[in-house]
Amino acid sequence: GEQRHALGALPAALVSRIMHTFVDPTGCHTLISARNGEVYYLHSTSRNVKKLKGFGPNVDGSASFTPGKAAGDIISGKGKSGAGDKAQVGLTPGTYLTAVGWDKDQGTEGSTKRILLGNSSGELYEYALARTNADASSEASDAAADFNDGPILLHKLNSSESVGMTESGASVTGVHFEYLTNPVSSAPNMPLPSSHANNDIIVLAATSGTNHRTRLHTNQSASSGARAINKNDKCFFRGVFAKGEKGSHSSFVELPGSVDYADLKICNDGFAMRTEIGIYYGTIDRGSKGGAAGIKSSVGTAGMGGGSMPGGSGIVDAGMLPYDVC
């Protein structure tokens, strides 16, 4: 139908292999990921795809990104060491988009609102999109305008500082975020007024790859950590990953075996994740105030009869369903 016609309109200059296609919960926003890092956007009301800035090489072959740090690694506060550092804008050259975490609560036909992106080297980015003819004065367009030059690097899941053990080469194969139900008092000068502006956030991200470890990472904010650090901060999610942010928590569970693409699926409060030996499952604790920071769990292969297993911060009732009993 119309969608096939539109996808047939990809630029003739595109010679890279299409790796993934992502469609948001409204069915209105589609992202097409190419092996060379390029990402194309298609809205349900359009017949033409649009190459997005900050993904893959420019037309002249140059890199369409601005080097910098991960936003979560930048220390907030005037006069503090590193306070003047800038966040990386644009996808890291040599990588490509492998996962998208949509805002299922606030996304609309006109805008995705703030979303999370994962790439083939284990990095998480913040981004937003609005259709071309969206109301320029709307909050949706304002959010998208923060990313005119590309996505902003938030966090490196595979860095030694984030997980305690380097695991280079593992891709983000699934990412999801939830607004938790424990509200906090409103703080001044915070951007993005919304029904979730004062709520904590939990982010789940799966990483895997052939001959790489399979992990489920959880990062959870607390108090004002759910939002941007200050009114000039473009990253709404930075506080979830910010170093030293009071009350924030991070953990990961290492699962047995190696699998090329550990799909992460969410249904209501439950999640399921494909591993080499079975389906890892659990429940997102929406009322959680977080576990101990920096939790690292390793799940062995013994006793895999579907019993209780480590779940990490913000996850309860975790277990493994082996394939031989599925």
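Colleague: How far apart are the closest N and O atoms in the salt bridge of lysine 69 with aspartate 85?
Modeller: The model is predicted, so this distance is computed from predicted positions. Both residues sit in the loop between strand 4 (50-51) and strand 5, 16 residues apart. Their closest N and O atoms are separated by 2.9 Å.

Colleague: Are lysine 69 and aspartate 85 buried, partly exposed or exposed?
Modeller: Buried means under 20% relative accessible area and exposed means over 50%. Lysine 69 has a relative accessible area of 41%, and aspartate 85 has 30%. Because these values fall between the two cut-offs, lysine 69 and aspartate 85 both count as partly exposed.

Colleague: How many salt bridges does a search of the whole structure find?
Modeller: The pair of lysine 69 and aspartate 85 is a salt bridge, and so is that of arginine 114 and glutamate 126. Lys104, Asp105 and Glu178 are joined into one network by salt bridges that share partners. The search of the whole structure gives a total of 10.

Colleague: Which aspartate meets the side chain of arginine 114 in a salt bridge?
Modeller: Arginine 114 lies in strand 6, and its partner lies in the loop between helix 2 (139-145) and strand 8, so the pair ties together parts 32 residues apart in sequence. The N to O distance is 2.8 Å. Arginine 114 is buried at 7% relative accessibility, whereas the partner is partly exposed at 24%. That partner is aspartate 146.

Colleague: In which strand is glutamate 126, which forms a salt bridge with arginine 114?
Modeller: The side chains of arginine 114 and glutamate 126 meet at 3.0 Å, N to O, and both residues are buried. Since arginine 114 belongs to strand 6, the pair ties together parts that are 12 residues apart in sequence. Glutamate 126 is in strand 7.

Colleague: Which residues have the most contacts inside the largest nonpolar core?
Modeller: This core has 40 residues. Among the elements that give two or more residues to it are strand 6 (111-119), strand 9 (171-183) and helix 4 (238-241), while strand 7 gives the most, with five residues. The residues with the most contacts inside the core are Leu31 and Leu117.

Colleague: How many residues are in the other core, apart from the largest one?
Modeller: In soluble globular proteins, nonpolar side chains tend to be buried together. Here the other core includes Leu204, Ile284, Ile315 and Met320. Its size is 17 residues.

Colleague: Is the ring pair of phenylalanine 177 and tyrosine 179 stacked or edge-to-face?
Modeller: Both residues are buried, and they belong to one aromatic cluster with Phe236 and Phe237. Their ring centres are 5.8 Å apart and their planes stand at 90°. Planes over 60 degrees apart meet the angle cut-off, so the pair is edge-to-face.

Colleague: What accessible area do Tyr281, Leu321 and Val325 have together?
Modeller: These residues form a nonpolar patch on the surface. Tyrosine 281 is in strand 15 (residues 278-284) and counts as partly exposed at 31% relative accessibility. The patch has a combined accessible area of about 250 Å².

Colleague: What share of the 326 residues in the chain is buried?
Modeller: The chain has four helices and 17 strands. Its accessible surface comes to about 14300 Å², with 50% belonging to carbon and sulfur atoms. The buried share of the residues is 50%.

Note on methods
Residues are numbered from 1 along each chain as its sequence is written. This is a predicted model: local features need pLDDT of at least 70, side-chain atom pairs count only at pLDDT 80 or more; totals for chains, interfaces and linings use all residues. Side-chain values use heavy atoms; hydrogens and water are left out. A nonpolar core is a set of buried Ala, Val, Leu, Ile, Met, Phe, Trp, Tyr and Cys residues joined through side-chain atoms within 4.5 Å. Buried means under 20% relative accessible area, exposed over 50%, partly exposed in between (1.4 Å probe, protein chains only). Accessible areas come from the Shrake-Rupley method with a 1.4 Å probe; for residues, only the protein chains shown count as cover. Patches are made of residues with over 30% relative accessible area and no salt bridge: like charges are joined within 9 Å, nonpolar side chains (Val, Leu, Ile, Met, Phe, Trp, Tyr) within 5 Å. A salt bridge is a side-chain nitrogen of Lys or Arg within 4 Å of a carboxyl oxygen of Asp or Glu. Rings of Phe, Tyr and Trp (its six-membered ring) pair if their centres lie within 6.5 Å; planes under 30 degrees apart count as stacked, over 60 as edge-to-face and the rest as tilted.
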